[in-house]
Amino acid sequence: MSTGLDGDVAGSTRGAGITKLDRVVIRFAGDSGDGMQLTGDRFTSEAAAFGNDLSTMPNFPAEIRAPQGTIPGVSSFQVHFADYDILTPGDRPDVLVAMNPAALKANIADLPAGGTLIVNTDEFVKRNLTKVGYDANPLEDESLAAYQVHQVAMATITQGALAETGLGKKDAERCKNMFALGLLSWMYHRPTEGTEQFLREKFAKKPDIAEANVLAFRAGYYYGETTESFATTYQVAPAKLSPGTYRQITGNTALAYGIVAASQQSGLPVLLGTYPITPASDILHELSKHKQFGITTFQAEDEIAGICAALGASYGGALGVTSTSGPGVALKSEAIGLGVMTELPLLVIDVQRGGPSTGLPTKTEQADLLQAMFGRNGESPVPIVAPQSPADCFAAAVEATHIALKYRTPVMLLSDGAIANGSEPWLVPEVGDLADLGVEFATEPNAPDGSGEFWPYLRDPETLARAWAVPGTAGLQHRIGGLEKADGTGNISYDPNNHDRMTRIRQAKVDGIEVPDLLVDDPSGKARVLVLGWGSSYGPIGAACRRVRKQGHAIAQAHLRNLNPFPKNLGEVLRSYDKVVVPEMNLGQLALLLRGKYLVDVISHTKVAGLPFMAEELQDVLTGVVKGIDA
Amino acid sequence: MTAIELGLPGLGGLAGVPTTDEPQKAKDYKSDQEVRWCPGCGDYVVLNAVQSFLPSLGLKRENIVFVSGIGCSSRFPYYMNTYGMHSIHGRATAIATGLATAREDLSVWVVTGDGDALSIGGNHLIHTLRRNVNLKILLFNNRIYGLTKGQYSPTSETGKVTKSTPMGSLDHPFNPVSLALGAEATFVGRALDSDRKGLTEVLRQAAEHRGTALVEIYQNCPIFNDGAFDVLKEPGEAEQRLVPLEHGKPIRFGAGGEFGVVRAGFGTLEVARVADVGEDALVVHDAHTDDPSYAFALSRLSAQDLSHTVTGVFRSVSRPTYDDSARAQVTQARETRKADLQSLLRGRDTWTVVGD
Ligand code: SF4
């Protein structure tokens with residue numbers, strides 16, 4: 001078997017009707033009302049239960065129900081699963097399941113020649129075809145000749161299978177997504193018990209619907225087994241990941257769990273003050289389920305109230321958290337500034353989406369980096385942490401909280417739509433191994449002049465963190481606020497020299513935050529080109545590097561998790577390569593920072609399409625740079 | 001579970017806040033910061049009234065927090081020897097909401113002005129009132145923007161000539177009491193800065209109210225809107241205009257009690273001469289009545305020309321508070337579910353990879 005590479009044509013070995021593959025990418029596509037997210041999610045769970053490595057990419061419209069059967073109404077879910085560690089949801093599907101003509105039209109361009117196409121023929125009627133601009137039925141002409149097409153009347157067969165149940169035609173038809181899932185589960189030898197159990201639990205209150213879905217699921221499975229239209233089935237063996245216990249997790253869930261863990265490890269109750277916004281709302285939904293951990297979720301009247309309530313809770317000695325996306329960060333900016341000035345811990349989560357303004361709510365982008373870095377009035381430094389994958393959101397949330405508590409500062413956590421909704425296996429950490437995030441509140445007067453007063457702006461000489469006394473602490477009554485503070489006492493001060501000093505102290509505090517050195521991955525040790533990314537582009541960059549190396553070129557990869565402050569060795573790393581390529585899903589924001597700070601003329605490669613990079617396109621870019629150097 | 005955790009009404013606003021037996025004085029509440037309002041500013045009077053009133057609550061000073069927004073009055077926390085936060089424009093109620101929800105052992109006070117609370121912070125104000133978070137809001141209404149040097153505010157009378165409105169302001173003003181009542185407030189009161197006794201009484205009732213208490217305080221700004229409330233202070237004028245409320249008592253005013261409030265059409269109220277209508281026709285003030293339209297009618301007794309200005313407690317009713325209820329949910333979750341982090345992280349569906 002070949003060593004798999006993300007985005008490569010899968011390696012395979014063939015047996016009696018069973019072909020072994022090292023990796024497969026399946027895309028389920030249908031109308032928003034067809035339940036494609038659920039179908040993809042279940043298939044993913046089956047892959048996880050089977051022990052494959054996996055990575056997923058949901059893609060759905062911003063409208064809850066765009067007009068039925070139209071291209072804007074198409075919703076899809078791509079799952080990549082493999083017998084080795086993969087890094088991305090896959091550039092292109094090997095298998096496309098199209099539930100209607102709109103889904104076919106919107107996705108067929110991504111299916112490589114020779115790919116497998118499974119269509120639900122029932123929807124390919126004149127009206128639906130015309131709606132999306134097909135003059136002729138593509139299933140009847142030569143337009144799909146390049147693909148292995150399987151035409152299945154999914155709705156009709158599902159209705160037939162449910163005829164006995166007494167369920168109405170419409171309800172029966174709605175189970176066709178489970179038919180599709182059953183068929184794919186058979187094709188790929190997936191375990192089925194989990195899905196049946198899941199359906200029974202999901203529809204526990206409507207047992208007839210639960211049974212109908214189970215029947216449809218089985219009907220799909222048996223359809224594959226008994227008809228001869230599918231000559232081959234496929235096996236993808238479990239992946240050899242590092243030993244341990246794994247589960248599948250999305251970025252937003254991992255982030256929420258990170259906050260729960262940070263709360264437990266610090267001993268501070270959490271107050272999440274937030275306002276619903278795509279794609280961050282799931283963090284609120286998840287945290288609201290875990291109140292037993294001392295978590296309060298406050299759905300505020302707006303973004304500003306969300307962060308202000310969080311900051312108020314932090315002032316009271318809780319861990320204040322706010323979650324949002326770029327438009328919300330814009331509204332929260334002034335309150336983040338107040339957090340900077342009052343030097344209180346606060347976790348600000350920005351699940352980035354396409355911008356500016358409302359932009360592309362359901363699509364991904366990394367264009368809030370400069371907003372996080374500079375998007376406030378005055379000199380207002382804020383540490384920034386960015387997770388690199390869905391599972392990494394857990395550790396990133398813990399790390400961001402650690403910084404917030406240790407240095408008494410708001411911290412920005414930059415996730416994005418791709419990470420938030422995407423999922424992958426997660427090596428579940430042992431709680432005993434998690435860092436202790438405990439904080440010490442001030443309990444005694446601390447004035448160095450022996451006056452017996454409490455000076456809230458007296459600092460720890462190491463971290464520059466100020467003393468944090470919470471209300472209720474006798475004798476330490478003090479006032480803080482957004483006006484400039486006198487160094488030490490914290491009293492209002494308009495003194496020019498004091499303002500200059502305080503501005504520099506606030507900056508020095510953030511600059512001095514301890515972050516791990518940047519690690520460079522260069523297996524050959526001979527690379528002259530470094531590719532440096534941040535955030536969710538880790539997967540495609542890593543997959544592209546594997547491909548470049550497989551072609552026989554040396555390339556070094558490094559990924560930034562701490563964007564403010566940067567790792568101490570970053571300048572040195574940048575200067576030790578002939579060329580540095582910086583791919584970003586924006587117009588070069590990290591590149592700007594690197595050039596400004598290190599005077600290194602990095603090569604900025606950018607894409608702002610609302611979609612993650614493909615490994616293939618980055619491979620081309622990197623190969624071009626490497627060859628340019630060699631020449 | 002305690003009554004507080006259940007969010008039960010009928011509890012005092014200070015339940016859960018630790019008390020002290022040590023006698024306190026007004027000066028214990030004065031911070032070491034020099035007070036920097038303009039000479040003659042009504043804020044001084046209110047500050048003194050609050051500092052003199054707080055000792056009577058017998059609370060531990062460290063469990064009292066003043067949170068303010070931006071504006072002249074919002075400097076208030078700096079002058080109080082309690083905990084305090086001078087925050088950003090309009091957001092004090094939101095910050096206080098987070099603080100009160102996180103800490104049931106604090107007595108949380110918001111100090112705000114007509115611009116801070118009703119203009120930039122209007123949204124937070126109405127939502128705080130409807131949620132009924134256990135905090136006390138002192139709204140200093142001087143009907144002008146002082147800190148930015150004299151622009152008209154959301155409570156300025158229409159036609160007000162200011163720096164930003166040389167030809168007169170165009171906006172119709174808010175009536176803060178009417179607004180609060182419309183926003184489902186459970187406690188609304190009004191007092192005059194110069195009326196120490198009346199103000200103290202409203203503050204006392206506000207402190208004891210469990211939930212959001214909005215107290216509108218008419219405050220004179222001698223620099224930019226001097227004499228805005230003079231008609232309510234001038235002997236001979238004041239008695240004709242001020243309509244003080246006392247729960248359970250007929251609403252009667254005038255130098256010799258010659259006026260009273262009676263019911264009019266469509267649930268409204270109006271002023272009448274007692275001699276004309278007879279004592280029995282006077283409305284007996286009931287601050288505890290569930291239906292807010294009575295208190296609303298009181299707030300509309302006259303236009304905002306101060307011709308009839310009702311003071312005292314308009315409304316004081318019990319409703320579970322947001323913060324008590326939020327804590328009750330946490331308590332309930334703790335009682336029914338185990339806070340086991342490891343099992344949360346594992347979830348339902350795990351698989352194990354064994355080493356070679
Ligand atoms: S401007 Fe007016 S409200 Fe402000 S401090 Fe001076 S007198 Fe008081």
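Here a trainee and a mentor talk through a predicted model of two chains, A and B.

Trainee: Before we start, what should I know about this model and its numbering?
Mentor: Residues are numbered from 1 along each chain as its sequence is written, while chains are lettered from A and ligands numbered from 1 in the order in which they are written. Side-chain values use heavy atoms, leaving out hydrogens and water, and in this predicted model local features need pLDDT of at least 70, side-chain atom pairs count only at pLDDT 80 or more, and totals for chains, interfaces and linings use all residues.

Trainee: How many residues of chain A are in contact with chain B?
Mentor: Contact means heavy atoms within 4.5 Å. On the chain B side, 59 residues take part, and on the chain A side the number is 71.

Trainee: Which three residues of chain A supply more of its buried area against chain B than any other three?
Mentor: Buried area is the accessible area (1.4 Å probe) that two parts lose on being put together, summed over both. The two chains bury about 5400 Å² between them, with 60% of it on carbon and sulfur atoms. Of the area that chain A buries there, 14% comes from Q292(A), E301(A) and R479(A).

Trainee: Which residue of chain B meets the side chain of E301(A) in a salt bridge?
Mentor: A salt bridge is a side-chain nitrogen of Lys or Arg within 4 Å of a carboxyl oxygen of Asp or Glu. Chains A and B have 3 of them between them. In the one with E301(A), N to O is 2.8 Å, and the partner is R131(B).

Trainee: How many residue pairs are in polar contact across the interface?
Mentor: A polar contact is a pair of N or O atoms within 3.5 Å; within protein, one must be able to donate a hydrogen and the other to accept it, and residues adjacent in sequence count only if both atoms are side-chain atoms. With both residues at pLDDT 80 or more, the number of pairs between chain A and chain B is 27.

Trainee: Which element gives the most to the side of chain A that touches chain B?
Mentor: Helices (H or I, at least four residues) and strands (E, at least two) are DSSP runs, numbered from the N terminus. Elements that each supply at least two residues to this side include α1 (36-50), α9 (251-266) and α12 (326-342) of chain A. The one that gives the most, with 7 residues, is α11(A).

Trainee: Which strand of chain B does β10(A) join?
Mentor: Two strands pair if DSSP finds at least two bridges between them. Here there are 4 bridges, and the strands run antiparallel. R247(A) stands opposite T350(B), and the strand of chain B is β12(B), residues 350-353.

Trainee: Why is β12(A) described as largely enclosed?
Mentor: Buried means under 20% relative accessible area, exposed over 50%, partly exposed in between (1.4 Å probe, protein chains only). β12(A) pairs with β11(A) in the parallel sense over 5 bridges, and T296(A) in β12(A) is the bridge partner of L271(A). The strand is largely enclosed by the rest of the structure because its buried residues number 4 of the 5.

Trainee: Is S314(A) buried or exposed?
Mentor: S314(A) lies in helix α11 of chain A. Beyond residues up to four places away in sequence, S314(A) touches L319(A), G320(A), L344(A), P345(A), L346(A) and W468(A). Its relative accessibility is 0%, so S314(A) counts as buried.

Trainee: Where is P279(A), the proline after T278(A)?
Mentor: Most peptide bonds are trans. The one from T278(A) to P279(A) is cis, with omega near 0°. P279(A) has its place in the loop between β11 and α10 (281-287) of chain A.

Trainee: What is the relative accessibility of N132(B)?
Mentor: N132(B) is not a glycine, yet its phi is positive, about 60°. N132(B) is in the loop between α4 (122-131) and β4 (136-141) of chain B. N132(B) counts as buried, with a relative accessibility of 0%.

Trainee: How many residues of helix α2(B) are buried?
Mentor: Helix α2(B) spans residues 92-102 and is mostly covered. Among its buried residues are A92(B), I95(B) and L99(B). Of its 11 residues, the buried ones number 10.
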